[in-house]
Amino acid sequence: MSPESTGTARSAMSDVTELNLKETELTLGLPGTNNITTSSKRAFSETTVFTPTSSSTSNPAPKAQAVGWPPVRASRKNAMRGCKYVKVAVDGAPYLRKVDLEKYESYDQLLTGLEAMFGSLTIRNHLGNGAEYMPTYEDKDGDWMLVGDVPWKMFVESCKRIRLLKSEASGLEIRRTELKLKEKTCGN
Amino acid sequence: MQRMALSFPEEVLEHVFSFIRSERDRNVISLVCKSWYEIERWCRWRVFIGNCYAVSPMMVIKRFPEVRSISLKGKPHFADFNLVPEGWGGFVCPWIGAIAKAYPWLEEIRLKRMVITDESLELIARSFKNFKVLVLSSCEGFSTDGLAAIAANCRNLRELDLRESEVDDRNGHWLSHFPDSYTSLVSLNISCLGSEVSLSALERLIGRCPNLQTLRLNRAVPLDRLANLLARTPQLIEFGTGAYSSEIRPEVFSKLSGALSGCKQLRSLSGFWDVLPSYLPAIYPICSRLTSLNLSYATIQSLDLIKLVSQCHNLQRLWVLDYIEDAGLDALAVSCKDLRELRVFPSDPFALEPNVTLTEHGLVSVSEGCPKLQSVLYFCRQMSNAALITIARNRPNMTRFRLCIIEPRTPDYLTLQPLDAGFGAVVEYCKDLRRLSLSGLLTDRVFEYIGTYGKKLEMLSVAFAGDSDLGLHHILSGCDNLRKLEIRDCPFGDKALLANAAKLETMRSLWMSSCLVSYGACKLLGHKMPRLNVEVIDERGPPDSRPESCPVEKLYIYRTIAGPRLDMPDFVWTMEDDSEFRIS
């Protein structure tokens, strides 16, 4: 590896790192919006219903609920309001939880909800760094996909279960691919 | 007198005992003397095991060699609300393996909150030649393949009831595995299944089973097929519809109405998913016969509900959503004087603001108008002490009272006081109260009332209540008949638990989650009480890795003569009597 390309690789990596450091809030974007700057992040949030800072009672998003309260069985909840409970497994956490996909209106809300549910995880999609989790899901056909690849409604319809993978396994692959891309674009 | 008793031949005693059906009475009989114990155990046909971990299969088999009917319960009640993590336990496999060998003439298996696999279902199907009843209530772990094995092999099956179970529903073909020669079905409940069953197979099945009394269909069965199904079973007593909507077609409506009217014995209706109100009048002709109505999935508004219940003069049980509102409950109080049980479920439990006008008023109305009301489950958003006192005074015959005020720690909305006095009145006036669930703002005072007056109380559920250990102490020291206690998010800690350790052996189980019981106290309890299993459930990893004073996440304590269980997942630790550390 020539010094220039290493330097380029390193600076590309630090670009990625810097982006991540800025984005301490979840910044999942739809495909094609990987290089999110803070201004477009705000724009993205505005297009969704959920605004984390809003606390007015007109906010249609449900507030954080205690698990299992009120005490309504899942089967009953599932029958109403088009509930859709799916199991969520997290690498390294000893047990599964269930989440109602119908409670959310976007990937943004879902991943924030998952982060809250599992304590202090941070979840990334496509961009990965450090001890963070990659959200994946099993669809109707039994295939494992990256969360965020399809429009939200389609995801809710086809998702059977969710698994948050520790990024060491998957993030490394993504980073390597990214680095290769940056090498190609910046090295010339 | 003694000589006379001794000269009674065993056969006579056995004959006398055969009239004693209740398990509790049987248990008492077996304690009279050794010979009664022996005689009784040889003629016990029905065994109920309220906690599958309280005893081992071998112990049951050894004591009762002639069992024909077994009931088992697994997970704690709070598992219904996702408080018990997946994989916790309740695996029925070792039981099925043991009873398959020991009881070839077994006829009935009833399971609640247990995990059962297809392999176990296949073993059941192969092992019991006279198998008649399978009830799987809130169970999971199996698929429709297991059901196919039951259908194909159990020639004498009378009852197949899957109520509220989570089934891996691969397809509806399993139903076709009932052979053409099979005609003994009496009760079928498939309401929890997701996919479509073959309707022609279903029609043929119920058409050839003349003794069918109960048929509860799943959501996928369309409305326009109901008339055909009902026409084949005019002797039906209990019926559950599928989705209750269809394009409005007059002939569908009239055929359905005719078919329902044709079932002269029909007393109970359920199902009613996706209700189209225009089809409700199809039921009107049979309303006056109905004793049980489950509309808890029906998203219909108050006016339609009023029209319906006003005609149900013989109604004893009503399950409904809070769309019924206070006005609907007023109508219920006027029209349904035979009402025994009312359950009102929340249509939108997570809405920040009330979406319907359902308040304490509706429950007060029903308590005034329905003299036989004894069982209540009520979700609402506001309550007052005055209302609770009125309800208690109106209905001293109440035996089950479960109130859920949706927002935790909500005070009396009129006085802003805790609801201690209101619930205190409930336990004081309702002297036969067996089951109670609390909610709203509550201090230690309410537990003082419960300990003082709740002498017949068997099951108590507590959430977001109390101030100190005194609260727990009142319950454990006062409630003489307490069997099940479940507590979440209360500031109860070590003192009350350790001071009342002996009490725990008189109960079936105690659940405590998000409370203040320390790991040290759990260990101490485990050491002191060898006939209790003290199980710590903690997602944060081994409790040893934290200070002893650290509160555990969840705690499940139950009496047992089978010792610590061996099937625990890696987030459950049993506090051992002899060693401190779990050998992994």
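## Helix H14 of chain B

Let's start at one end of a helix: Thr359(B) caps the N-terminal end of H14(B), with a side-chain oxygen 3.1 Å from the backbone nitrogen of His361(B). Please keep in mind throughout that this is a predicted model.

Is H14(B) mostly enclosed or open? Helix H14 of chain B spans residues 360-369, and 8 of its 10 residues are buried, so the helix is largely enclosed by the rest of the structure. The buried set begins with Glu360(B), followed by Gly362(B), Leu363(B), Val364(B), Ser365(B), Val366(B) and Ser367(B), and ends with Gly369(B). Their cover comes from several parts of chain B, including helices H13 (325-335) and H15 (385-394) as well as strands E14 (341-345), E15 (375-380) and E16.

## Where the two chains meet

Now to the interface. Chain B brings 39 residues to the contact, and chain A brings 29 residues. The size of an interface is often given as the accessible area lost when the parts come together. Here, the area buried between chain B and chain A is about 3200 Å², and carbon and sulfur atoms give 58% of that area.

How many salt bridges cross the interface of chain B and chain A? The rule finds 6. One pairing to look up in the structure is Arg73(A) with Asp80(B), whose side chains meet in a salt bridge at 3.2 Å, N to O. Polar contacts also span the two chains, with 11 residue pairs found where both residues are at pLDDT 80 or more. On the side of chain B that touches chain A, the elements giving two or more residues are strand E13 (317-321) and strand E16 (400-405). That side of chain B divides into 20 nonpolar, 15 charged and 4 polar residues. Strand E16 thus turns up twice in this account: among the elements covering the buried residues of H14(B), and on the side of chain B that touches chain A.

## The annotated stretch of chain B

An unreviewed UniProt entry places the feature "domain: F-box" at residues 8-49 of chain B. Over those residues the model is 60% helix and 10% strand, and the end C-alpha atoms lie 31 Å apart.

## The make-up of chain A

Chain A holds 6 helices and 5 strands. Read from the N terminus, its elements follow the order α-α-α-β-β-α-β-β-α-β-α.

Of the 188 residues in chain A, 41% are buried. Among the contacts in chain A with a separation of 6 or more, 53% join residues 24 or more positions apart.

Technical notes:
Residues numbered from 1 in each chain as written. Chains lettered and ligands numbered in written order. Predicted model: local features only at pLDDT ≥ 70, side-chain atom pairs only at ≥ 80, totals over all residues. Heavy atoms only, no water. Contact = heavy atoms within 4.5 Å. Buried area = accessible area lost by both parts, 1.4 Å probe. Salt bridge = Lys/Arg side-chain N within 4 Å of Asp/Glu carboxyl O. Polar contact = N/O pair within 3.5 Å; in protein donor to acceptor, adjacent residues only side chain to side chain. Helix = DSSP H or I, 4+ residues; strand = E, 2+ residues; numbered from the N terminus. Nonpolar A, V, L, I, M, F, W, Y, C, P; charged D, E, K, R; others polar. UniProt positions renumbered as here; feature names shortened; annotations may be inferred. Buried < 20%, exposed > 50% of the residue type's maximum accessible area, 1.4 Å probe, protein only.
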